[in-house]
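Got the viewer open? Here's a short tour, stop by stop, with something to select at each one.

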Amino acid sequence: MATATLLTPGSTSTRPGTDPSAPLARADQRAYVQGLVVLDTAVVALAVLAAYLARFGDAEPRGSEIPYVLVAPGLVLGWLVSLKAMRCYDDRVIGYGADEYRRVSSASLRLAGTIAILGYVFDLGVSRGFLAISFALGIVGLELARFAARKRLHRARIRGAGWSRRVLVVGDTAHVLELVHTLRREPYAGYHVVGACIPDALLAPVAQRLGDVPVVGSFRGIPEAATAIGADTVAVTASGELTATRLRRLGWQLEGTGVDLVLAPALTDVAGPRIHTRPVAGLPLIHVEAPEFRGARKLVKGFVDRAAAVVALLLLLPLLLVIALAIKLNSRGPVLFRQVRVGQGGREFGVYKFRTMVVNADALLAELAARNETDGLLFKMRDDPRVTRIGRLLRKWSLDELPQLVNVLFGQMSLVGPRPPLPSEVARYDGDVARRLLVKPGMTGLWQVSGRSDLSWEDGIRLDLYYVENWSLAADLTILWKTVGAVVNGRGAY
């Protein structure tokens, strides 16, 4: 990264050296979008071809006024146009978040509806079976292809090699540092901070950095600083000097430059469904709904949990018996391990797990306390000598937690929720952390799909509190799906 030239309080602009990596980032972005177009074209073409073969086979289609040699390519082309019209290749939605998937589905369904209406009005006679199979295969294929492309992009971003947005952060020093930390916490989101602008009063006469982020200017030269360092996004966080008038003028100054303006409110860890924007006198007021801890949705969640637990226990019974036999043959002691944990409302209950340690593991804990590899209130060791040979295998694949399905069946736990804490942990909770007890603990949760034991205590608590505040049935299904990948990957399991 080029050395930044700082603004002094008396200067009016800043001209940092141009970052040579900026054109490469834009080239990577274009290559990714072009790859999505090719991928979507292949998926749609294969879906249409498969639908044709499934519907007609080797027979000649009849009854259509338009030959299928034109219908099939026309459908593929119309599908791609619909995806483009719904902005499915917009760099502001691809690569992160659910909006990309929603737009792909919406574009496909709108095209299907349009074709159905045109076919009815003009009596085109195109086979409904052919269209139904095409759209069913195409929508599923497009979503899976986008998912695979996104995962590949995320892995590249984590390595520092994938296309990411180049972000110039603007605000007071403390808020800039906080936003930088937040964006770097999830590098796969694709927001790479390349510089910062701070108020004039905070500028020093020598080169200045906030952590490892170079300060490239003040509030009076934001557009120039963004251009000089090749930023494509200006993220504005809290600052007393950034009044509504100055912020509006900044938006005007960035018009036509290709640089997006993003506002980062002080309100964090609140999911989209709880946020509603309502314009009042030209001011976008953000309304935040209170978390929902009771009601019909909670009843539905409880019913789904117990029904799923019953089905899972029946299907997994042979595996549970094999695991129990392996534990018994590997080391002396009981097959199951029952430990007191704290559940919803602070009520204690016994959580069931397959035993993965020697029978006197608790007595040996004091000798190993100095070798704790985590911060906070938990004890974790990668090579814990108390873990048995079979126990290591069970922990790697999270098979030791399967007996917790019984706790779910009894209503003590949920399939998805915060990690069930020990009474000794709860005794040291402060007011914020205690909010984890407002919902039932879960067999899996955001903590498991985000790294499990590799997470710091602070990050684990943050994820648990985020779930408590923003849970939904749709989010539960997403977490359960991601749990499969986390278990297969085995990252953070020890």
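The expected span of a helix is 1.5 Å times one less than its number of residues. Keep that handy and select residues 473–489, helix α15. Its 17 residues reach 25 Å from the first C-alpha to the last, close to the expected 24 Å. Bear in mind as you go that this is a predicted model.

Stay on α15 and show side chains for Asp476, Ile479, Thr483, Ala486 and Val487, the buried residues of this helix. An α-helix has 3.6 residues a turn, so residues three or four places apart point the same way. What do the buried residues of α15 pack against? Turn on α8 (296–330), α10 (389–396) and α14 (457–470), which are among the partners. Then add α13 (446–449), plus the strands β11 (414–416) and β12 (442–444).

Now zoom out to the whole chain and colour by secondary structure: you should see 15 helices and twelve strands. Of the 494 residues, 44% count as buried. Among contacts between residues at least 6 apart in sequence, 71% join residues at least 24 apart. Switch on a surface and you're looking at about 26,300 Å² of exposed area, with carbon and sulfur atoms supplying 62% of it.

Try colouring by pLDDT next. The chain averages 84, and 84% of the residues score at least 70. Where does pLDDT stay under 50? Select residues 1–17 for that stretch; the model still gives it 43 contacts beyond four places in sequence.

Next stop: strand β1, residues 165–170. Six of its six residues are buried, so the strand is largely enclosed by the rest of the structure. Look along it and you'll find Arg165, Val167 and Val169 pointing one way, with Arg166, Leu168 and Val170 pointing the other.

Which strands pair with β1? One is β2 (residues 191–197), running parallel and joined to β1 by six bridges; pick Val170 and you'll see Cys197 of β2 opposite. Another is β5 (residues 233–236), also parallel, over four bridges, where Val167 stands opposite Thr233. Add helix α5 (residues 173–185) to β1 and β2, and you have a right-handed β-α-β unit.

Last, select Ser134 in helix α4 (residues 128–158). Is this serine buried or exposed? Ser134 is buried, because its relative accessible area is 0%. Show what touches Ser134 beyond four places in sequence: Ala47, Val48, Ala51, Leu75 and Trp79.

Conventions: Residues numbered from 1 in each chain as written. Predicted model: local features only at pLDDT ≥ 70, side-chain atom pairs only at ≥ 80, totals over all residues. Heavy atoms only, no water. pLDDT = per-residue confidence, 0-100. Contact = heavy atoms within 4.5 Å. Helix = DSSP H or I, 4+ residues; strand = E, 2+ residues; numbered from the N terminus. Buried < 20%, exposed > 50% of the residue type's maximum accessible area, 1.4 Å probe, protein only. Areas by Shrake-Rupley, 256 points an atom, 1.4 Å probe, with all protein chains shown as cover. Pairing = 2+ DSSP bridges. Right-handed = clockwise from strand over helix to strand, strands pointing away.
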